Amino acid sequence: MPNEIHVGPSGPYHAPAAAVGGEASAEVWLCRCGQSQNKPFCDGSHRAAGFADPGTCAAAEVAELTEVAALEVRPAPNGPLLVSGGVEVRDASGAVVFRGAKAALCRCGQSATKPFCDGTHRKVGFQAP
């Protein structure tokens, strides 16, 4: 069974279980608006910031997973959330929009290909550990 990451409409990513920065957790809520003061975790800042994104994805990339390990989330310095371990990304409707060994998820809130990173964090000067 693949690991899951759910994209909330205008809200955070939700992973039922993941190791974030090497620290295992039963459940995590990860910032995708870029405004949290507790990055990579969500602190609810998306509400005050007016972050609006339907949590959908036009293009799906669904591959067969040959191996599944524990979900690991590694925040790239000033960049995306790098997820690995065999992951299935589900949009706000519950549809699988990605299945693969690894993915780069936007955490600056500015990508044109949300929930995936398109490199916009470099253009907007996103800062996060």
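## The cavity

About 40 Å³ of space lies in the largest cavity of this structure, which is a predicted model. How many cavities of 30 Å³ or more does the structure hold? The count is 1.

So who lines the largest cavity? Walking along the chain, you meet Gly79 and Pro80, then Cys106, Arg107 and Cys108, and after those Cys117, Asp118, Gly119, Thr120, His121 and Phe126. Sort this lining by character and you get 5 nonpolar, 4 polar and 2 charged residues.

## The cysteines

Let's turn to sulfur. A disulfide is a covalent bond between the sulfur atoms of two cysteines. How many does this structure hold? The answer is 0.

Take Cys57, which is in no disulfide: its nearest cysteine sulfur belongs to Cys106 and sits 12 Å away. Cys108 has no disulfide either, and there the nearest cysteine sulfur, again that of Cys106, is 3.8 Å away. That pair doesn't count because a disulfide needs the two sulfurs within 2.5 Å.

Are these two cysteines buried or exposed? Cys57 is buried, with a relative accessible area of 19%. It counts as buried because the cut-off is under 20%. Cys108 is buried too, at 7%, and you've already met Cys108 in the lining of the largest cavity.

## The rings

Now for the aromatic side chains. A pair of aromatic rings is described by the distance of the centres and the angle of the planes. The count here comes to 1 aromatic pair.

There's also a charge sitting over a ring. Which residue lies over the face of Tyr13? That's Arg32, at 5.9 Å from the ring centre.

Note on methods: Residues numbered from 1 in each chain as written. Predicted model: local features only at pLDDT ≥ 70, side-chain atom pairs only at ≥ 80, totals over all residues. Heavy atoms only, no water. Buried < 20%, exposed > 50% of the residue type's maximum accessible area, 1.4 Å probe, protein only. 1 Å grid on protein atoms, 1.4 Å probe; cavity = no way out; pocket = protein on both sides within 12 Å on 5 of 7 lines; lining within 4 Å. Points joined across faces, edges and corners; volume = space filled by probe spheres on them. Nonpolar A, V, L, I, M, F, W, Y, C, P; charged D, E, K, R; others polar. Phe/Tyr/Trp six-rings, centres within 6.5 Å; stacked < 30°, edge-to-face > 60°. Lys NZ or Arg CZ within 6 Å of the ring centre and 35° of its normal.
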